[in-house]
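Dear colleague,

I am handing over the structure we spoke about, and below it you will find my notes on what turned up when I went through it. Please read them with the model open beside you.

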Amino acid sequence: MPTLYWLQHGGCGGDTMSFLNVESPDLPDLLDDLGIRVLWHPSLTDTAPGERQALEDRILADETPLDILVVEGSVVQGPDGTGLFDTHRGRPKRDFAAALARRARYVVAAGTCAAFGGFGVDDVMDATGLQFRREAPGGLLGEGFRSRAGWPVVNLAGCPCHPEVVSGTLTALVNGTPLELDSYQRPREWYGMMVHQGCSRNEYHEYRVEEEEFGHKGCLFFHKGCHGPLVGGPCNVLLWNRRSSKTRAGVPCFGCTSPAFPQPFPFFQTRNIEGVPVDLPMGIDRAHYMAYKTMAAAAAPARLTHRRTKV
Amino acid sequence: MGGKRIHCDVPLNRVEGDLEVRVAVENDRVAEAWSRGTLFRGFERMLVDRAPMDSLVVTPRICGICSTTHLAAAARALDQVAGVTPPDNAIRMRNAALMAEQIQSDLRQSLLMFMVDFANSAYADHSLADEARRRYAPVGGQHHPPGARSVAAVRETKHILELVALVGGQWPHTSFMVPGGVVYKAEPRSLQQGRHIVKALRRWYEDQVLGCSLERWAAVRSVADLDAWLAESAAHRESDAGFLMRFGREAGLDRLGAGPGTFLSYGNLPLPAETAVAGRAGRFVPAGFARGADTGPFHEGHIAEHTAFSWYQGDPGGHHPWSGRTEPLMEDGGERYSWAKAPRYRGAPAETGPLAERILAGDGLFTDWVGRDGPNVLARQLARLTRPATLFGPLEAWLEETLAALTPDESTAQQAQRPIMSPASS
């Protein structure tokens, strides 16, 4: 029976709250179907504090096997490298996370904070991800870290991580289904697609019909800082809460699956050079893109430019 | 006394494991207690030097169970800066998302994070212990199969969040509220779907959580009414609210947790200019401050955060958050023991949350109860579990009103009249 330990660090609990929303199967059925024994999860178990300490000691002594360690939230290293901004049993929680990781068959980072550091990467909180600090390999565990099954940390990026990505990853790990990881150790199954793909506003992008004012339907990429064509993620393929996505609703994608999230420059604005975005859709040539967009805008049908469409 | 003094650290970690209460026990009584935040996150510092609109992305990340509430706070601050009032439909859409999130939060907190403890072996001698385990044992627990009500709570509560996704794209962590309104252009198909979603959860809430209609519950206006309601039918007694009362009274939860005896509400859910929903001073949830049942006005200028016992630099006296500083100061020994600042109103603590809201709204049941017995854990928890009963009506009304007010080309977004400059462009 595979065991799971879910550890929360410096975060908002949003990956857990989002995971509670998982569908088909929903959470009780998922645990049951996979036969997962939850050793500890702050919101899902009834382990008393004393029991929890005994359990942790048994895991660290290799008496209780740990199959899957899930970490949520950034690993806090401040102040001055001591880790005392975030403590567990009076000691830096990061040391506990590192010790658990070395006993786990698989280590999963749920959310961008645990994967890459996210909002905690600054010079005071001094947070890091498990195996990356933003784009730089290393993090808490070091570039060469491999869990007992020989895997690097599996990074389920997103702020929060999509619940189906968590359930899909757990399913694959329990069933031994191979997961191909990208250069940031995110499973390509869910991050090998652009957030843009599946966005209901794709046709606006195609013909460069731009949203300049909120509520004025159009593509958010050219003025509103949308990262949909720039980052990988399943938001518009899986959809959120079964219904929609930020970009469909008119909220720009902020690129939260990227190790660079949050960006140091303003959200809601597209950095541009003479009207052409500085950051172009992944893998595209600037000169070709400019020629294509100029022609596309000229070819835009009136039903789009006059916003007669219902998306 | 000569009694033995024992220290015990009690983590409170069902959402966000960063609060711990250290208690000193002498002669089987808690002699002293320290409420300790065990994590420094520094959100106050994250917005410094960022563009004002970035607060719509950063602030929600404070909390994964109430991110929409933090978004609303950031959006209202920007409304104030820009000097704009959102149009009615945008107010309704903001409120709808806030209410959906709050209903989710109240139900998850009550069933998954509070009543789950009724299934704990610490209550093994309680006459309802077996039933409590069958109902509320946790979904991933080691000791018992998942409780039927815990499983139902997981299955049902997520659906109301679909409403947030329909208006804001996703839950948690959307940024759909912007200065002057929302980014969303209301579409009838989404509003209609939203209405169905609300009705479905309301049906489950009435049937299982209350065991009666919202109207029947609204007629409970005193402790005597509550007792009559409990006696009236098995459906009432078997509901989550009925079980909470029966279990809680035997466990003595109505004699625990007095708190400071003062209540504060900032007020919430601003009313649109045109609406059938009633409120006070422009809000559905009224603002106010109360000592016991003696209510009066609330002035936000009286809020201060103290750091005498928190690991922060600066003088120990309180500062309004407007002028507060967040400079961590880790020191060994000394009197500081927490990363949480101590919020105070006129220099003293005050209770916030559903019970405070009900008292300040003049609710009959909770005013009567607290007037008799003082604030207590059971009243506080019943106030939370039954807060959704106050929200379903206005939520349905605002969805209806939005639909009725839609014109073919109406946009609910209104740009700020004055531009908000970002540091990068100034």
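The second largest pocket is lined by 34 residues, and those that lie nearest its centre are Thr87(A), Arg89(A), Gly90(A), Glu20(B) and Thr38(B). Please keep in mind here and throughout that this is a predicted model. The volume of the second largest pocket comes to about 760 Å³, and its lining divides into 13 nonpolar, ten polar and eleven charged residues. At least two lining residues each come from β1, α3 (49-60) and β5 (87-88) of chain A, and likewise from β1 (5-12), β2 (19-26) and β3 (29-37) of chain B.

Arg89(A), which is among the residues nearest the centre of that pocket, has a positive phi of about 55° although it is not a glycine. Along the chain, Arg89(A) is found in the loop between β5 and β6 (91-92) of chain A.

On the chain B side, the strands β1, β2 and β3 form an open sheet in the order β1-β2-β3, with antiparallel pairing. Its edge strands are β1 and β3 of chain B, each of which pairs on one side only, and the twist averages 20° from one strand to the next. Between β2(B) and β3(B) the antiparallel pairing runs over eight bridges, and Val25(B) has Val30(B) in β3(B) as its bridge partner.

In chain A, β1 belongs to an open sheet of five strands with parallel pairing, in the order β2-β1-β3-β7-β11. The edge strands of this sheet are β2 (37-40) and β11 (154-156) of chain A, each pairing on one side only, while neighbouring strands are turned by 25° against each other on average, direction ignored. Strand β1 (residues 3-8) of chain A pairs with β2(A) in the parallel sense over three bridges, and the bridge partner of Tyr5(A) in β2(A) is Trp40(A). Helix α6 (residues 163-175) of chain A lies across β1, β3 (66-72), β7 (104-110) and β11 of chain A, and runs at about 160° to β11(A).

The loop between β11 and α6 of chain A holds Pro160(A), which is joined to Cys159(A) by a cis peptide bond with omega of about 0°. A second cis peptide bond leads from Phe261(A) to Pro262(A), with omega near -5°, and Pro262(A) is found in the loop between α10 (246-249) and β12 (272-273) of chain A.

Cys159(A) also appears in the lining of the largest cavity, where it lies nearest the centre together with Gly11(A), Cys12(A), Asp15(A) and Cys113(A), out of 14 lining residues. The structure holds seven cavities of 30 Å³ or more, and the largest cavity has a volume of about 100 Å³. Its lining is made up of five nonpolar, five polar and four charged residues.

Finally, in chain B, the axes of helix α13 (residues 364-373) and helix α14 (residues 377-405) come within 11 Å and cross at roughly 170°, which makes α13(B) roughly antiparallel to α14(B). The contact is made by Leu365(B), Phe366(B) and Trp369(B) of α13(B) with Leu378(B), Ala379(B), Leu382(B), Ala383(B) and Thr386(B) of α14(B). By class, the contact of α13(B) with α14(B) has seven nonpolar residues, one polar residue and no charged residues.

With best wishes

Conventions. Residues are numbered from 1 along each chain as its sequence is written. Chains are lettered from A and ligands numbered from 1 in the order in which they are written. This is a predicted model: local features need pLDDT of at least 70, side-chain atom pairs count only at pLDDT 80 or more; totals for chains, interfaces and linings use all residues. Side-chain values use heavy atoms; hydrogens and water are left out. On a 1 Å grid over the protein atoms alone, a cavity is a set of points where a 1.4 Å probe fits but cannot get out, and a pocket is an open set with protein on both sides within 12 Å along at least five of seven lines; lining residues have an atom within 4 Å of a point. Grid points are joined across faces, edges and corners, and a volume is the space filled by probe spheres set on the points. Ala, Val, Leu, Ile, Met, Phe, Trp, Tyr, Cys and Pro count as nonpolar, Asp, Glu, Lys and Arg as charged, and the others, Gly among them, as polar. Two strands pair if DSSP finds at least two bridges between them. Helices (H or I, at least four residues) and strands (E, at least two) are DSSP runs, numbered from the N terminus. Axes are lines fitted to C-alpha atoms, for helices over the stretch in contact, and angles run from 0 to 180 degrees between N-to-C directions. Contact means heavy atoms within 4.5 Å. Angles under 35 degrees count as roughly parallel, over 145 as roughly antiparallel, 65 to 115 as roughly perpendicular and the rest as oblique.
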